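Grab a coffee and work through these exercises with the model open beside you. Try each task before reading its solution.

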Amino acid sequence: MATKDVNTADSPRDTKTIDRVVDVIATTAPEIRTGLPGRRVKSEAQNPSGETQMAADVFADDLLCERIGALEGVGEYGSEERPETIDVGNGPLSVALDPLDGSSNLKPNNTMGTIFAVYDGPLPAHGRDIVAAGYVLYGPVMTMIVARDGVVDEYVIYDDATYELVREDISLPENGSVYGFGGRVPDWTEDFEAFARDVEQDDSRKLRYGGSMIGDVNQILTYGGIFSYPALQSAPEGKLRVQFEGYPIGYVLETAGGASSDGTKSLLDVDKPDLHARTPLHIGNADLVEKLESALD
Ligand SMILES: O=P(O)(O)OC[C@H]1O[C@](O)(COP(=O)(O)O)[C@@H](O)[C@@H]1O
Ligand SMILES: [Mg+2]
Ligand SMILES: [Mg+2]
């Protein structure tokens, strides 16, 4: 488990390119959201993780690939929806995206997100190569969280694709008050179940689980607490992807003064060479993540 000193790539930051990546994601978000209504259907295809792609996944990925790929300074583009990465130029930075997180929840009109990570190096990158990461949350309000240079900021994105900084240098509230645990309860490991039952006993905490990770993670960033999509008996590797979900979300929470873990160590130290490798994912207040790690020990 690691907290604040999220040491990342120490090569000179191509800050201009990071600005441009953040700008493209913010200004493309309204178009993604407008394109959802007609795309709440499953496509014929599967993503590299073997999950059925929604038409909206493909739509968001194509839009973002084209725009981010056109940016000066970006060398490689990778996404949860594409088996391989794409060379998009000769810049030093790579961008990895979960174009639409929670798309399986599109049918019930649940919250969704776009998750991004900018790495100083080729893909698949290592968590410590991250130079910026964050997510768009398609909620009642469209917001974007950006973690870079040791701080986490929040923007509101408007339908006209303008966006405004609304919260600076966000810190995870102490004494977190919410928890959310993914996967089917009967499929949890015994140790995780014992941990979950223990967390539930604390009457200062309440369940906040929506089944769409970005909505759930944003609850934790707002109120403090813990979110887990743990290793399951049927899926010891967990469900969420290292490059597109684990690293960026771990980076955001650690930059906000929280902690992340795959059950034994910081998500940023998970080392799996496969582009679409999965990991158990735990994020939240350091004391709770520490408790989680000892429960699984
Ligand atoms: O359907 P399950 O197994 O509860 O998994 C829910 C999890 O799967 C996800 O939808 C996976 O993300 P994608 O929608 O990007 O594939 C997460 O957002 C969410 O936390
Ligand atoms: Mg996802
Ligand atoms: Mg997705």
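**Exercise 1. Work out how the donor residues of the magnesium ion (ligand 3) are spaced in sequence, and which parts of the chain they link.**

Solution. Bear in mind that this is a predicted model.

- Step 1: pick out the protein donors. They are Glu80 (OE), Asp98 (OD) and Leu100 (O), lying 2.2 to 2.3 Å from the ion.
- Step 2: write them as a pattern. Along the sequence you get E-x17-D-x1-L.
- Step 3: place the outer two. Glutamate 80 sits in the loop between strand 3 (74-79) and strand 4 (86-87), while leucine 100 is in strand 5, so the pair ties together parts that are 20 residues apart in sequence.
- Step 4: check burial. Both glutamate 80 and leucine 100 count as buried, that is, under 20% relative accessible area.

**Exercise 2. Do the same for the magnesium ion (ligand 2), then find which residue bridges it and the magnesium ion (ligand 3).**

Solution.

- Step 1: list the coordinating residues. Asp98 (OD), Asp101 (OD) and Glu245 (OE) coordinate the magnesium ion (ligand 2) at 1.9 to 2.1 Å.
- Step 2: write the spacing, which here is D-x2-D-x143-E.
- Step 3: look at how far the chain reaches. Aspartate 98 belongs to strand 5 (residues 93-101) and glutamate 245 to helix 5, 147 residues apart, so to speak of distant parts of the chain is fair.
- Step 4: check burial again. Aspartate 98 and glutamate 245 are both buried.
- Step 5: name the bridge. Aspartate 98 coordinates both ions, and these are 3.7 Å apart.

**Exercise 3. Find which residues come nearest to ligand 1, and what polar atoms lie by its oxygen atoms.**

Solution.

- Step 1: start with the neighbours. There are 17 residues around ligand 1, and Asp98, Asp101, Gly102, Met213 and Tyr229 come nearest.
- Step 2: go through the side chains. Glutamate 80 has a polar side-chain atom 3.0 Å from a ligand 1 oxygen, and aspartate 98 has one at 3.0 Å from an oxygen of ligand 1 too.
- Step 3: add the backbone. In glycine 102, a backbone N or O atom lies 2.7 Å from an oxygen atom of ligand 1.

**Exercise 4. Describe the largest nonpolar core: which residues touch the most other members?**

Solution.

- Step 1: get the hubs. Among 52 residues, those are Tyr135, Phe181, Met213, Leu221, Ile249 and Ile283.
- Step 2: ask what supplies the largest share. Helix 5 (residues 242-255) does, with seven residues.
- Step 3: bring in the domains. Domain 1 (12-167) and domain 2 (178-296) each give this core at least three residues.

Key:
Residues numbered from 1 in each chain as written. Chains lettered and ligands numbered in written order. Predicted model: local features only at pLDDT ≥ 70, side-chain atom pairs only at ≥ 80, totals over all residues. Heavy atoms only, no water. Core = buried A, V, L, I, M, F, W, Y, C linked by side-chain atoms within 4.5 Å. Buried < 20%, exposed > 50% of the residue type's maximum accessible area, 1.4 Å probe, protein only. Helix = DSSP H or I, 4+ residues; strand = E, 2+ residues; numbered from the N terminus. Domains from an automatic or database assignment. Donors = N, O, S within 2.8 Å, 3.2 Å for Na, K, Ca; no water. Near = heavy atom within 4 Å. Polar contact = N/O pair within 3.5 Å; in protein donor to acceptor, adjacent residues only side chain to side chain.
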